[in-house]
Amino acid sequence: MRPAVFLDRDGVLNLSELRAGKPYAPRRCADFQLYPEALPALRRLSDAGFLLIVVTNQPDIGNNLADPAEVAAMNAQLAAVLPVAEVVMCPHSQSAGCACRKPRPGMLLDAALRHDIDLTASVMVGDRAGDVAAGQAAGCRTIWIDRGYAEPAPSNPDRIVASLSTAVDAILANFRNDVSGDDIQ
Ligand SMILES: [Mg+2]
Ligand SMILES: [Zn+2]
């Protein structure tokens, strides 16, 4: 088994669109823009031996607000540029009651089976409360990137940071040569 870092997509790897202080996924591939820090940050994690899995809710598909082909093109662009093993997506609407939509842990649990991931040695990095809750439900450590949104903060993330680079700093400081499990300091 190996450790993974699960990464939310919008607001973590690429810019979210902000409206009234709340983040929204881009709906057109033309508006999809990776953070400049994403590639160097993920390279550091990959070089340290972490499998990288993107886990993203895209309810605009289930709500018929986004073209699935546009979203697929964004995910393909991401996977072509960043060293990720898989982009796992929940396309369902908020009301569908699926097991994959965060804060449920379905995407993480299924990916763990597919890739032989040690969840207790793994970390979930996200920018919203549902990301942290999903990581906690899967038995992972959690890091919240606080982008200053006008919405409630997550409950009890192991670490709060201001950027993806800082999240990676925290992971490497605590897990390099030690995937067995000291808590993040
Ligand atoms: Mg997000
Ligand atoms: Zn789903």
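This passage describes the sheet, one crossover and a zinc site in a predicted model.

The sheet is open and consists of 6 strands, arranged in the order E5-E4-E1-E6-E7-E8 with parallel pairing. Its edges are formed by strand E5 (86-90) and strand E8 (159-161), each of which pairs on one side only. From one strand to the next, the twist averages 20 degrees.

Strand E7 (residues 141-145) pairs with E8 in the parallel sense, over 3 bridges. Within this pairing, Ile145 has Val161 of E8 as its bridge partner. On the other pairing of E7, 4 bridges join the strand to E6, and E6 and E7 run parallel. Here Gly126 is bridged to Trp144 of E7. The connection from E6 to E7 passes through H5, and this β-α-β crossover is right-handed. Helix H5 (residues 129-137) lies across strand E6 (123-126) and E7, and runs at about 175 degrees to E7.

The surroundings of E7 were examined residue by residue. In a regular strand, side chains alternate between the two faces of the sheet. In E7, Arg141, Ile143 and Ile145 point one way, while Thr142 and Trp144 point the other way. Residues on both sides of E7 are buried. Because 5 of the 5 residues of E7 are buried, the strand is largely enclosed by the rest of the structure.

The zinc ion (ligand 2) has as its protein donors Cys90 (SG), His92 (ND1), Cys98 (SG) and Cys100 (SG), which lie 2.0 to 2.2 Å from the ion. Along the chain, these donors follow the spacing C-x1-H-x5-C-x1-C. The arrangement around the zinc ion (ligand 2) is tetrahedral, because the 4 donor atoms subtend angles of 102 to 119 degrees, and the criterion requires all angles to lie between 85 and 135 degrees.

Two of the donor residues can be described further by their accessibility. Cys90 has 0% relative accessibility and therefore counts as buried. Cys98, at 13% relative accessibility, also counts as buried, since the cut-off for burial is under 20%.

Ser93 is placed in the loop between E5 and helix H4 (106-115). With a relative accessible area of 12%, Ser93 is buried. Leaving aside residues up to four places away in sequence, Ser93 touches Pro59, Gly62, Asn63 and Arg101.

How values were computed: Residues numbered from 1 in each chain as written. Chains lettered and ligands numbered in written order. Predicted model: local features only at pLDDT ≥ 70, side-chain atom pairs only at ≥ 80, totals over all residues. Heavy atoms only, no water. Pairing = 2+ DSSP bridges. Helix = DSSP H or I, 4+ residues; strand = E, 2+ residues; numbered from the N terminus. Axes fitted to C-alpha atoms, helices over the stretch in contact; angles between N-to-C directions. Contact = heavy atoms within 4.5 Å. Donors = N, O, S within 2.8 Å, 3.2 Å for Na, K, Ca; no water. Tetrahedral: all angles 85-135°; square planar, octahedral: opposite > 155°, others 65-115°. Buried < 20%, exposed > 50% of the residue type's maximum accessible area, 1.4 Å probe, protein only. Right-handed = clockwise from strand over helix to strand, strands pointing away.
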